[in-house]
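Got a new protein in front of you and wondering where to start? Let's walk through it with some questions and answers.

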Amino acid sequence: MEEAIIDKVIANTATKEEASEVARWFASDDGQDYLAQRFDREAIMLKEDEVRLYEAAGMNSVRMRNRFMHQIRNRFRKSHIRLIAAILLPLVILSGITWFVGSRLDLIGQMEYATLDVPLGEKMNLIFQDGTRVQLNSGSSVTYPKFFGLFERKVTFSGEAYFSVAKESSRPFIVSLGNVEIKVTGTRFNVKAYPDESTISVTLEEGKVAIIDRDKHVYPLQKRQNAIYNKVTSVCEIRQVDEMETFMAWRSNSLNFNRVPLKEILKVIERQYNVTFTAENPSCLQYKFSISTGSVQVEEILHELEKVSEIRFKQLAKNKYQVYSKRPDR
């Protein structure tokens, strides 16, 4: 796309055909990349203009910085709006479409969303139009727009997934988990947020992320840190991670637990292998186990659990097992 035509549309001097052509191109991957780069370029130009103005005025350096940053934010926001309005104005007149500005903006109409649900016992990979890659664990669900907005890339998610987010400084990537949001610009992290669990786990492998709760509390995460957010108490605990494999084992069809209650282990097995467990005595589900296995058959995993404990498993049907203890008091 020639920049001269884009400038004509922004200046509201383009023909109907040129305006339509630019709008269609902005909806493409190349068009969205161009918009992100142009916004960044305009921000730099604004900053250079402000610096020259303040240097001429001889303003105190601290006051200059504070006032400078305040005006840059306001003018940058207005600059975005002017640019978008100039692009959309001829199209609104011609088509009569109601356009959405900001994070809800779709340059060819209202936002269209798609939802991907991963069945129990399966895993799926998804690539968004910006190049972000997501590996989804069993029982996960993600809802996403077919085209991201101009100012942010936002998806709604539940379950467990590994995100490898394409870096775009002008468009943060936001993962909405209901109780909290994860905000990133380009990074790799694992998130576990199943609706039936009381906690949300976010483990950062590379880059930086910020967890933001409903009360706007911000919890920044650094590389190789894990955050556990309690959905009931709204408390977030952050710790350093020594073994990333503990949180990433599911990606290679492995299981890795360190002193985890049997109840939680069986819940993971249920999702990954699409099986169910019932307990003869529920108290036996509270015993903690440490196990690391790369076995791919559920029968082999259960046998490994039996070897290190008094717990036994009895197959009742094809995908149904009963849990009991060899000792009658357990």
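**A first tour of the model**

Q: Is Gln-240 buried, partly exposed or exposed?
A: This is a predicted model, and everything here is read from it. Gln-240 is found in strand β13. Its relative accessibility is 48%, and the exposed class needs over 50%, so at 48% Gln-240 counts as partly exposed.

Q: Which residues does Gln-240 touch once its neighbours within four places in sequence are left aside?
A: A good place to look is Gln-222, 18 residues from Gln-240 along the chain, with the two C-alpha atoms separated by 8.9 Å. One contact of Gln-240 is Arg-224, a residue in the loop between β11 (218-221) and β12 (225-230). The full set in contact with Gln-240 is Lys-223, Arg-224 and Gln-225.

Q: What is the phi of Arg-224?
A: Most residues other than glycine have a negative phi. Arg-224 isn't a glycine, yet its phi is positive. At 33% relative accessibility, it counts as partly exposed. The phi of Arg-224 is about 65 degrees.

Q: How many helices and strands does the protein chain have?
A: Let's zoom out for a moment. The protein chain has 330 residues, and 44% of them count as buried. Its helices and strands come to seven helices and 18 strands.

Q: Of the contacts in the protein chain with a separation of 6 or more, what share comes from residues 24 or more positions apart?
A: Here's one such pair: Asn-137 touches Gln-272, and these two are 135 residues apart along the chain. Across the protein chain, residues 24 or more positions apart account for a share of 47%.

Q: Is Asn-137 buried or exposed?
A: Asn-137 is found in the loop between β3 (133-136) and β4. It touches Val-118, Glu-122, Lys-123, Glu-160, Tyr-194, Trp-250 and Gln-272, not counting residues up to four places away in sequence. Buried means under 20% relative accessible area, so with 2%, Asn-137 is buried.

Q: What separates the C-alpha atoms of Asn-137 and Gln-272?
A: Gln-272 is one of the buried residues of α6. Along the chain, Asn-137 and Gln-272 are 135 residues apart. In space, their C-alpha atoms are separated by 7.7 Å.

Q: How far apart are the end C-alpha atoms of α6?
A: α6 (262-273) has 12 residues. At 1.5 Å a residue they should span 16 Å, so the expected span agrees with the one in the model. The end C-alpha atoms of α6 are apart by 16 Å.

Q: How many of the 12 residues of α6 are buried?
A: α6 is mostly covered. Its buried residues include Leu-262, Ile-265 and Tyr-273. Just after α6, Asn-274 takes a positive phi of about 55 degrees. Back in α6 itself, the number of buried residues is nine.

Q: Which element supplies the largest share of the lining of the largest pocket?
A: The largest pocket has a volume of about 1000 Å³ and is lined by 35 residues. β8, β9, β13, α5, β14 and α6 each supply at least two residues of this lining. The largest share is seven residues, and it comes from β14.

Q: Which lining residues lie nearest the centre of the largest pocket?
A: The lining as a whole divides into 11 nonpolar, 12 polar and 12 charged residues. Nearest the centre lie Lys-192, Ser-201, Phe-247, Phe-257 and Val-260.

Q: Is Arg-259 buried or exposed?
A: Arg-259 has its place in strand β14. Its phi is near 50 degrees, a positive value in a residue other than glycine. Because its relative accessibility is 57%, Arg-259 counts as exposed.

Q: What is the C-alpha to C-alpha distance between Asn-258 and Ser-290?
A: Asn-258 is also found in strand β14, and at 58% relative accessibility it counts as exposed. Leaving aside its neighbours within four places in sequence, Asn-258 is in contact with Phe-289 and Ser-290. Asn-258 and Ser-290 are 32 residues apart in sequence, while in space the distance is 4.3 Å.

Technical notes
Residues are numbered from 1 along each chain as its sequence is written. This is a predicted model: local features need pLDDT of at least 70, side-chain atom pairs count only at pLDDT 80 or more; totals for chains, interfaces and linings use all residues. Side-chain values use heavy atoms; hydrogens and water are left out. On a 1 Å grid over the protein atoms alone, a cavity is a set of points where a 1.4 Å probe fits but cannot get out, and a pocket is an open set with protein on both sides within 12 Å along at least five of seven lines; lining residues have an atom within 4 Å of a point. Grid points are joined across faces, edges and corners, and a volume is the space filled by probe spheres set on the points. Helices (H or I, at least four residues) and strands (E, at least two) are DSSP runs, numbered from the N terminus. Ala, Val, Leu, Ile, Met, Phe, Trp, Tyr, Cys and Pro count as nonpolar, Asp, Glu, Lys and Arg as charged, and the others, Gly among them, as polar. The expected span of a helix is 1.5 Å times one less than its number of residues. Buried means under 20% relative accessible area, exposed over 50%, partly exposed in between (1.4 Å probe, protein chains only). Contact means heavy atoms within 4.5 Å.
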